[in-house]
Amino acid sequence: MLENNGTYGVYGGAFVPPVLETQLKKLSDFFDQITQTDEFRTEFIDVLKDFVGRPSSLYYAKNLSAYVGSKIYLKREDLNHTGSHKINNAVGQILLAKKMGAKEIIAETGAGQHGVATATACAFLGLPCKIFMGAVDMERQALNVRRMRLLGAEIVAATTGNQTLKDAVDSALDYYINHPDSFYLLGSQVGPHPYPKMVGYFQSVIGNEARQQILNKEGRLPDSVIACLGGGSNAIGLFSAFIDDPQVKMYGAEGGGKNIANNTAATLNYGTPIVFQGTYSYCLTDADKNPIASKSIAAGLDYPGISPQHAYLKDSQRASYFSVTDEEAIESFKLLARLEGIIPAIESSHAVALAVKLLKNKNSLSIVNLSGRGDKDVEREM
Ligand SMILES: *Cc1c(COP(=O)(O)O)cnc(C)c1O
């Protein structure tokens with residue numbers, strides 16, 4: 001499915017200026033080569049174990065299961081250090097950057113979650129880091145800005161445009177083009193080749209563990225796996241271990257917002273394929289096919305683009321994607337807290353909501369990816 005040029009069916013590729021093309025080609029070759037070595041793989045596994053706290057547990061949610069009428073296991077990415085799956089990819093890419101001899105890590109962040117994971121892993125692995133963030137976002141996410149500074153990161157304010165995520169990406173890219181000895185750490189399964197491939201690789205630990213864990217506990221594969229999608233990284237991390245088992249259905253929950261065309265982040269449900277931020281995939285657009293802003297209650301799902309691999313899985317009907325509204329997510333946020341004593345991230349609550357809907361009285365076996373913990377969402381009026 002994945003060819004050397006980084007395409008998934010008609011999707012993916014690398015649509016970038018020539019200077020970046022050279023840098024990305026170097027990155028791609030280096031990634032392919034080093035992930036073949038036992039030394040790199042062992043180092044990555046050791047860091048996941050001792051620093052991140054893996055394997056994360058596969059938890060049988062018996063109260064939720066009784067409520068829904070299906071057997072539901074939760075893959076507990078919320079128990080990772082820093083509280084979500086993002087740290088898996090951050091440590092993977094920074095290990096790679098060190099091997100490449102990068103002088104510093106750069107990354108962009110919107111709500112600050114990817115920035116905090118990056119700053120954390122940079123502190124641990126001993127590389128300086130610059131986090132690009134829209135000036136407006138810096139004000140809205142003051143606590144995460146303080147966290148990142150405490151971890152030793154330098155925050156660079158993006159002061160162009162709306163001063164939010166897209167502007168942070170633009171200024172980080174600009175910096176990367178002018179500093180070829182830096183390493184651009186992308187936080188989701190988006191952007192030009194080789195990023196979707198690399199992020200998929202580093203997050204595949206989720207599905208590989210879950211597959212072994214469910215076989216140990218149930219002696220069989222699940223009937224379905226369910227995850228939420230922002231850019232698509234936690235979902236592909238879970239799905240990838242089951243892609244070749246057609247009896248395992250794969251369901252994605254997009255941030256539906258209010259479920260209308262100009263108030264949603266449900267890219268695969270409402271979007272159109274275009275080239276956006278270096279890759280060809282679905283994107284939320286206006287009638288002239290220009291990208292428009294997404295809207296979701298969940299900062300981590302609030303992105304107008306989507307992974308090219310999920311675009312392919314949708315078109316080939318291997319996976320199905322549903323739009324889950326803000327309201328439904330809030331319901332499930334409360335439901336899981338009450339039933340299981342677990343406060344999920346509002347992002348992950350979208351996956352729980354989809355599970356409740358699809359599995360009602362189905363008497364089936366399912367794994368739901370709990371991508372993160374919800375402490376950050378408690379303060380919001382819900
Ligand atoms: C960022 C984030 C997401 C969405 O990102 P993906 O790349 O789609 O996984 C989901 N859940 C949590 C907790 C996040 O922080």
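1. Two strands are said to pair if DSSP finds at least two bridges between them. With that in mind, in this predicted model, strand β5 (residues 104–109) and strand β8 pair in the parallel sense, and three bridges join them. One of the residues to look for here is Ile105, whose bridge partner in β8 is Phe183.

2. The pair of β5 and β8 belongs to an open sheet of four strands, in which the order is β7-β6-β5-β8 and the pairing is parallel. The edges of this sheet are formed by β7 (154–158) and β8 (182–184), each of which pairs on one side only. From one strand to the next, the twist averages 25 degrees. Helix α8 (residues 165–178) packs on the sheet and touches β5, β6 (129–134), β7 and β8, while its direction makes about 160 degrees with that of β5. As general background, the strands of a sheet pair through backbone hydrogen bonds, and they may do so either parallel or antiparallel.

3. An antiparallel example is found in strand β11 (residues 272–276) and strand β12 (residues 279–283), which pair over five bridges. Within this pair, Phe276 stands opposite Thr279 of β12. The two strands form a hairpin with two residues between them, and there Gln277 takes a positive phi near 45 degrees.

4. How many residues of strand β9 (residues 224–229) are buried? Six of the six are, so the strand is largely enclosed by the rest of the structure. Ser224, Ile226 and Cys228 point one way from β9, whereas Val225, Ala227 and Leu229 point the other way, and all of them are buried. Strand β9 runs parallel to strand β10 (residues 249–257), to which it is joined by six bridges; in one of these, Ile226 has Tyr251 of β10 as its partner.

5. Helix α2 (residues 38–52) allows a simple check of its length, because at 1.5 Å a residue its 15 residues should span 21 Å, and the end C-alpha atoms are 20 Å apart, which agrees. Its buried residues are Phe40, Phe44, Val47, Leu48 and Val52. They cover an arc of only 100 degrees around the axis, and therefore lie on the same side of α2. A general point helps here: an α-helix has 3.6 residues a turn, so residues three or four places apart point the same way.

6. What do the buried residues of α2 pack against? Their partners are the helices α1 (18–34), α4 (86–100), α5 (113–125) and α9 (195–218). On the other side of α2, by contrast, Asp38, Glu39, Ile45, Lys49 and Asp50 are exposed. After the helix comes Gly53, which has a positive phi near 95 degrees.

7. Helix α13 (residues 326–340) also has 15 residues, and the distance from its first C-alpha to its last is 21 Å, close to the 21 Å expected at 1.5 Å a residue. The buried residues in α13 include Asp326, Ala329, Ile330, Ser332 and Phe333, together with Leu335, Leu336 and Glu340. The helix is followed by Gly341, whose phi is positive, near 70 degrees.

8. Finally, the record: UniProt, in an unreviewed entry, places the feature "domain: Tryptophan synthase beta chain-like PALP" at residues 54–361. In the model, this span is 44% helix and 20% strand, and its end C-alpha atoms lie 33 Å apart.

Definitions and conventions
Residues are numbered from 1 along each chain as its sequence is written. This is a predicted model: local features need pLDDT of at least 70, side-chain atom pairs count only at pLDDT 80 or more; totals for chains, interfaces and linings use all residues. Side-chain values use heavy atoms; hydrogens and water are left out. UniProt positions are given in the numbering used here, feature names are shortened, and annotations may be inferred rather than shown by experiment. Axes are lines fitted to C-alpha atoms, for helices over the stretch in contact, and angles run from 0 to 180 degrees between N-to-C directions. Contact means heavy atoms within 4.5 Å. The expected span of a helix is 1.5 Å times one less than its number of residues. Buried means under 20% relative accessible area, exposed over 50%, partly exposed in between (1.4 Å probe, protein chains only). The arc is that of the directions from the helix axis to the C-beta atoms.
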